There are 2 protein chains.
Amino acid sequence: MSEKIVTAGMVAIGDELLSGKTKDRNIAHLADMLTTAGIELKEVRIVADETDAIVEAVNALRTRYSYVFTSGGIGPTHDDITADAISRAFDLPCEHDREALDMLGAVFQSRNIEFTDARKRMARMPRGASHIRNRVSVAPGFTIGNVHVMAGVPSIFQAMLDWLLPRLETGAIIHSETVDCPYGEGTVGEGLEDIQNAHPDTVIGSYPKFDGKNYSTQIVVRSRDTQAIQRAVKAVNAMLVEIAEENPA
Amino acid sequence: MSEKIVTAGMVAIGDELLSGKTKDRNIAHLADMLTTAGIELKEVRIVADETDAIVEAVNALRTRYSYVFTSGGIGPTHDDITADAISRAFDLPCEHDREALDMLGAVFQSRNIEFTDARKRMARMPRGASHIRNRVSVAPGFTIGNVHVMAGVPSIFQAMLDWLLPRLETGAIIHSETVDCPYGEGTVGEGLEDIQNAHPDTVIGSYPKFDGKNYSTQIVVRSRDTQAIQRAVKAVNAMLVEIAEENPA
């Protein structure tokens with residue numbers, strides 16, 4: 001079993017996410033995809049369309065994690081400032097990429113659409129960046145260093161991630177098993193702490209649910225070692241049997 | 001018109017949000033509620049159930065914004081470490097709050113439920129904190145300094161926010177108007193930049209939509225000044241008429 005650990009941070013960029021105008025859909029998708037691939041998402045920051053905020057977040061996360069993924073702000077309008085901000089974070093010039101200009105120019109020409117300066121903005125990236133392709137849009141995302149810059153439109157973000165993920169180094173997958181528990185956290189709390197202490201090779205999470213009347217709990221056991229998960233889940237189930245015996249219906 | 005500006009940051013706490021196990025529902029709700037109330041949400045961080053990560057995020061945001069709101073990690077289980085982390089961020093002892101103990105104790109006694117050490121964890125908070133009440137659960141959230149610590153369960157988070165928000169200082173509301181535009185961003189990009197430059201008392205955001213075949217754009221004009229919004233929206237509509245005339249169907 002590989003013990004290599006690969007980590008990631010995400011920066012979701014956009015005023016609309018902070019004003020409530022748009023509900024983000026990329027964070028949960030990235031979390032799902034990275035977990036499955038064996039990359040551990042450690043932190044997400046949602047920042048406004050402000051250069052300083054983007055630079056700070058990207059620089060904080062890129063030195064700390066194996067990869068940083070960003071969403072949003074790479075379109076053709078004046079509020080799309082991600083390429084400039086990422087360039088500044090790396091202290092690189094932001095310029096029109098020759099290959100991206102050629103690709104975009106050819107497509108617009110074939111559709112008889114003028115290749116305006118606004119449209120050319122979509123070819124801007126830090127000098128030396130490589131492209132992130134996707135099957136939906138001709139405009140590429142880009143990778144510079146360990147930072148992967150992708151679109152905010154969910155279908156395009158997803159398509160870029162589909163292209164990118166198989167090309168990244170991944171680590172040992174964190175597996176998980178969920179035990180649905182009919183009792184509230186107050187009932188299982190002490191037993192669960194004992195089980196966590198007895199199974200330090202797992203991380204046991206406890207997630208309360210409330211249906212408006214009753215509490216229940218999802219107990220999630222996570223580990224890179226599937227046998228360790230099985231041992232801890234067995235202990236959780238034994239605890240639940242014990243509670244049921246103490247609390248006959 | 002009040003020109004006072006009140007800002008906020010949010011820290012959403014929980015491994016489950018980063019593993020994809022749970023889709024966060026509190027961020028978008030908080031964004032909506034704050035925008036309506038006249039508090040500008042400037043940044044959100046999602047962090048794992050790790051003390052250092054929580055401390056760092058809370059300390060970074062509480063010095064920067066008027067308020068910080070947190071969600072998650074205040075229940076009775078071993079992985080609920082938010083009260084300890086917030087205490088450490090403020091360099092205060094984390095201890096059982098007398099009033100919270102009394103409230104919780106009374107409820108458990110009335111239901112004939114043992115008031116275990118796990119359940120008593122829900123009364124822990126930094127010394128000097130005040131309670132955030134809610135109509136769903138007896139266990140309170142708490143406020144220390146400008147940091148408001150709330151539950152992760154969405155119905156309880158919402159109930160705590162309902163109680164808290166009318167008690168906070170708010171600022172000038174940022175209003176917005178949305179123009180649904182049938183053209184892609186490439187078509188409106190240059191005109192929109194001119195309009196933004198001519199209307200610096202507004203912030204004009206452009207949000208691309210893609211239905212799998214065609215692009216369209218939501219143009220959102222925001223400002224604390226509603227008349228400024230009307231002037232910019234008028235300019236946007238004039239631009240759209242011009243584009244339509246240049247592109248007869």
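## Close-ups of a two-chain pairing

**View 1. A buried charged pair sits in each chain.** R45(A) has a relative accessibility of 2%, so it counts as buried (buried means under 20% relative accessible area, exposed over 50%, partly exposed in between, using a 1.4 Å probe and protein chains only). This is a predicted model, in which local features need pLDDT of at least 70, side-chain atom pairs count only at pLDDT 80 or more, and totals for chains, interfaces and linings use all residues; side-chain values use heavy atoms, leaving out hydrogens and water. Residues are numbered from 1 along each chain as its sequence is written, while chains are lettered from A and ligands numbered from 1 in the order in which they are written. Which residue does R45(A) pair with in a salt bridge? It's E43(A), with N and O 2.9 Å apart (a salt bridge is a side-chain nitrogen of Lys or Arg within 4 Å of a carboxyl oxygen of Asp or Glu). E43(A) is buried too, because its relative accessibility is 5%. Over in chain B, R45(B) and E43(B) form a salt bridge at 2.8 Å, and both of these residues are buried.

**View 2. A salt bridge in chain B links distant parts of the chain.** Here E99(B) meets R133(B), N to O, at 3.0 Å. E99(B) belongs to helix 5 (residues 98–110), whereas R133(B) lies in the loop between strand 6 (130–132) and strand 7 (141–144), 34 residues apart. (Helices, H or I with at least four residues, and strands, E with at least two, are DSSP runs numbered from the N terminus.) Buried or exposed? Each is in between: E99(B) is partly exposed at 41%, and R133(B) is partly exposed at 32%.

**View 3. Charged residues of both chains join into one network.** Salt bridges with shared partners connect E40(A), K42(A), R224(A) and E50(B). One link to look for is E50(B) with K42(A), whose closest N and O atoms are 2.8 Å apart. As a general point, side chains of opposite charge can pair when their charged atoms come close. Between chain B and chain A there are 10 salt bridges, out of 34 over all chains.

**View 4. Chain B and chain A meet over a shared surface.** Count the residues and you get 59 in chain B in contact with 60 in chain A (contact means heavy atoms within 4.5 Å). About 4,800 Å² is buried between the two chains, with carbon and sulfur atoms giving 52% of it (buried area is the accessible area, 1.4 Å probe, that two parts lose on being put together, summed over both). On the chain B side, L18(B), K21(B) and H78(B) lose the most area to chain A, together 12% of what that side buries.

**View 5. Strand 2 of chain A runs antiparallel to strand 2 of chain B.** Five bridges hook up strand 2 (residues 40–47) of chain A with its partner (two strands pair if DSSP finds at least two bridges between them). One of the bridge pairs is I46(A) with V44(B).

**View 6. R222(B) reaches across to chain A.** R222(B) sits in strand 11 of chain B and is buried, its relative accessible area being 14%. Its side chain makes a polar contact with that of D15(A) at 2.9 Å (a polar contact is a pair of N or O atoms within 3.5 Å; within protein, one must be able to donate a hydrogen and the other to accept it, and residues adjacent in sequence count only if both atoms are side-chain atoms). Not counting residues up to four places away in sequence, R222(B) also touches others, including S19(A), H175(B) and Y207(B).
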